[in-house]
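The report that follows is meant for a reader meeting this structure for the first time. Please look over the sequence and the model before reading on.

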Amino acid sequence: MFDELANELKTAREKNSMTLAQVANKSKIDLKFLEAMEHGDFAFLPDLYVRAFVKNFARTIGLDENKIYKKFEAARKGIPYIEEPPQYHEILRQASEASKQKTPPSISQEKQSLRKNKPEIQKKDSLFTFDAVGENNPVQNTASSISKRNLIVGGSALGAILLFTIFYFLFFDQSEQIIVVEKPIEEVILQNQRYVEDEQTPSNELGVGISDSLVLMINANDTSWIKVSIDDQASGEFILLPNSQKIVKAKTNYQLTLGNSGAIKLILNNKQLPFSGRSKVPLNLLIDRKGLKYPDKSPSQR
């Protein structure tokens, strides 16, 4: 289903007499990614980045980016894209305005009836009894008693719900949940532009200030997305462009996820690490003082 979307992108680009190089220069998207999308390949990076590139590509060649984004999501889920009729939102707006203008006559009549009966209710509420001596002793009327009873019942129910919630989370809910917050599309686009425009040099380092007992140099001969955790703490993720490198420092270990493992070379303390990666195949690695390990269920080891 991605073929239809790819053809639409390519046709719109050619209709505007634009080359892929011109689109790459204007949108700040790597030329390889543009070629992949026009060939129906949308798995070159994680979905977060692909969504941003699809919208940016469509906007650059004059297409409706929101419509193209919906088509991409439908193709990713394997369902056909159904376009809403042009008059759909106008019909909803007119129906909403018509419902606001019409006021049922029964409502106004009920309001008038309540206003007429209001003095009588107030008179009934002001009930008093007198004791044997003749002094007045105000007694709570029926409406006030009901109101107090409802307030007590409601407060008791709310307190019971609150206690149950606290008890549940303390003693029953022991599950560990991982919450993934997706970055806004605009932020991803700006991040990609920064990677393209800024030249990456060996001075780019993560873990500055950490003891340099482990110094890892990551070299890339092709574009690759990389996520790194230093000393069992999440440090960040980045994209290495062709012929670029990144230096990270740690005390005890690294945990790496390589998006394009066949394009990466790792050098630990000036010694190259042997590992087998494949082009455009993700790979999980664990590196410590003893060397390199493959964690269980690594994508490339399945």
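Is Ser17 buried or exposed? In this predicted model, Ser17 is exposed, since its relative accessible area comes to 63%, and a residue counts as exposed when that value is over 50%. Its place in the chain is the loop between helix H1 (2-15) and H2. Although Ser17 and Ile61 are 44 residues apart along the chain, their C-alpha atoms are separated by 9.5 Å.

Beyond that loop comes helix H2, which spans residues 20-27 and in which Leu20, Val23, Ala24 and Ser27 are buried. When the helix is seen down its axis, these buried residues fall within an arc of 100°, so they line one face of H2. The face of H2 turned away from this buried side carries Asn25 and Lys26, which are exposed. The residue that follows H2 is Lys28, and its phi is positive, near 65°.

A separate part of the picture is helix H5, made of residues 65-77, where Glu73 lies. With a relative accessible area of 13%, Glu73 is buried, the cut-off for that term being under 20%. The side chain of Glu73 takes part in polar contacts with the side chains of Arg51 and Arg76, and the table sets out these two pairs with their distances.

| Side chain | Partner side chain | Polar contact |
|---|---|---|
| Glu73 | Arg51 | 2.8 Å |
| Glu73 | Arg76 | 2.9 Å |

The remaining topic is the largest pocket, in which about 340 Å³ of space lies. Helix H3 (31-38) and strand S5 (224-230) are the elements that give two or more residues to the lining of this pocket. The largest share of that lining, amounting to four residues, comes from H3. In total the largest pocket is lined by 17 residues, and those that lie nearest its centre are Phe44, Leu45, Thr223, Asn260 and Lys280. Sorted by class, the lining of the largest pocket has eight nonpolar residues, five polar ones and four charged ones.

Taken together, the passages above describe an exposed loop residue, Ser17, a helix, H2, whose buried residues line one face, a buried residue, Glu73, whose side chain is in polar contact with that of Arg51, and a largest pocket with a lining of 17 residues.

Technical notes. Residues are numbered from 1 along each chain as its sequence is written. This is a predicted model: local features need pLDDT of at least 70, side-chain atom pairs count only at pLDDT 80 or more; totals for chains, interfaces and linings use all residues. Side-chain values use heavy atoms; hydrogens and water are left out. Buried means under 20% relative accessible area, exposed over 50%, partly exposed in between (1.4 Å probe, protein chains only). The arc is that of the directions from the helix axis to the C-beta atoms. On a 1 Å grid over the protein atoms alone, a cavity is a set of points where a 1.4 Å probe fits but cannot get out, and a pocket is an open set with protein on both sides within 12 Å along at least five of seven lines; lining residues have an atom within 4 Å of a point. Grid points are joined across faces, edges and corners, and a volume is the space filled by probe spheres set on the points. Ala, Val, Leu, Ile, Met, Phe, Trp, Tyr, Cys and Pro count as nonpolar, Asp, Glu, Lys and Arg as charged, and the others, Gly among them, as polar. A polar contact is a pair of N or O atoms within 3.5 Å; within protein, one must be able to donate a hydrogen and the other to accept it, and residues adjacent in sequence count only if both atoms are side-chain atoms.
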